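Student: I'd like a close look at a single part of this molecule, please. Set the scene for me, and then go through that part slowly.

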Amino acid sequence: MGSLGNGETELQAAERRIGKIQRCGAARLANLEQSYLSILQAIGEDPEREGLARTPGRAARAFEFLTEGYRQSLDEIVNDAIFESEASEIVLVKDIELYSMCEHHMLPFIGKAHVAYIPHGKVIGLSKVARIVDMFARRLQTQENLTMQIADALMRSLHPRGVGVVVEAKHLCMMMRGVEKQNSEMTTSCLLGSFKEDARTRSEFLALLKE
Ligand SMILES: [Zn+2]
């Protein structure tokens, strides 16, 4: 197990992050646990066998984490992280890791988000952009809606001149079931304001993505 240099192992760091989430409450967690037990029974497994005995509880906690976005709000996340700025060039946050779940199969889609905007008096802390991505990704999603929601959130909180969001993701519902393999990596984009209206801004954005 690797150390992160501050005396904390990667596992401990992961546990610390998981420990900080907005919990869904005991009643919902118990409901999730019961549901996972039903799934084990429905597939003909023996939920009592050693390897599975604590699985419904563990799976419930994992699902609680993966759906944390339902319990978060944009205001909470951007709070205190918006600053006055004279900047007027494209701000791009590239290669934000993205883990979400498709709402059609409740299976993961994973990839990267690239988020850009042109400030109009205000900028936002870079780490907050990744947190906005996480908030929408930790819900049941379609990739198209996720892409639009990220763009719309930046538009609402910063009122920038424009926003461009590109999401590239692989969908396990396709890959694991062996369907439409050639389309398993999908790219979606949402361009708003100057990214939509100004061809020069758009091509500058696309050029930055290729660097
Ligand atoms: Zn799917």
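Tutor: Let's begin with pLDDT, which is the predictor's confidence in each residue, on a scale from 0 to 100. This is a predicted model, so local features are described where pLDDT is at least 70 and side-chain atom pairs count only at 80 or more, while totals for chains, interfaces and linings use all residues. Residue numbers start from 1 along each chain, as its sequence is written. Here the chain averages a pLDDT of 93, and 95% of the residues score at least 70. Helix 1 (residues 10-19) has the lowest mean among the elements, 77, and strand 5 (residues 140-141) has the highest, 98. As a rule, where pLDDT is low, the predicted coordinates should not be read in detail.

Now the big picture. Counting helices and strands as DSSP runs (H or I over at least four residues for a helix, E over at least two for a strand, numbered from the N terminus), we get nine helices and seven strands. The C-alpha trace spans about 60 × 40 × 35 Å along its principal axes. The chain is split into domain 1 (10-66) and domain 2 (82-210), with bounds that come from an automatic or database domain assignment. Taken over C-alpha atoms, the centres of the two domains are 29 Å apart.

The part I'd pick is the spot around serine 85 and valine 123. Serine 85 sits in the loop between strand 1 (82-84) and strand 2 (91-102). Is serine 85 exposed or partly exposed? The rule counts other C-beta atoms within 10 Å of a residue's own: 20 or more is buried, 12 or fewer is exposed, and anything in between is partly exposed, with C-beta atoms placed from the backbone. Serine 85 has 13 of them, so it is partly exposed.

Who does serine 85 meet? Two residues are in contact when their C-beta atoms, placed from the backbone, lie within 7 Å. Setting aside neighbours within four places in sequence, serine 85 contacts Pro119, Gly121, Lys122 and Val123. Take proline 119: it is 34 residues from serine 85 along the chain, yet their C-alpha atoms are separated by 7.7 Å.

Let's cross over to valine 123, which belongs to strand 4 (residues 122-124). Valine 123 has 18 C-beta neighbours inside 10 Å and therefore counts as partly exposed. Leaving out residues up to four places away in sequence, valine 123 touches Phe83, Ser85, Ala87 and Val91. Valine 91 is 32 residues away from valine 123 along the chain, and 8.7 Å separate their C-alpha atoms.

That kind of long-distance meeting turns up across the chain. Among contacts with a separation of 6 or more, 67% are between residues 24 or more positions apart.

For some context, carry on from strand 4 to helix 5 (residues 126-137), which packs against helix 6 (residues 143-158) at an angle of about 140 degrees, with the axes 10 Å apart. Those axes are lines fitted to C-alpha atoms over the stretch in contact, and angles run from 0 to 180 degrees between N-to-C directions. Angles under 35 degrees are roughly parallel, over 145 roughly antiparallel, 65 to 115 roughly perpendicular, and the rest oblique. Helix 5 and helix 6 are therefore oblique to each other. Ile132, Val133, Phe136 and Ala137 of helix 5 make the contact with Leu146, Gln149, Ile150 and Ala153 of helix 6.

Just after helix 6, in the loop before strand 6 (162-171), you'll find histidine 159. Histidine 159 isn't a glycine, but its phi is positive, at about 45 degrees. It has 13 C-beta neighbours inside 10 Å, so it counts as partly exposed. Methionine 106, in the loop between strand 2 and strand 3 (108-118), has a positive phi too, near 55 degrees. Methionine 106 counts as exposed, because it has 11 C-beta neighbours inside 10 Å.

Back to our pair, then: serine 85 is in a loop, valine 123 is in a strand, and the two are in contact.
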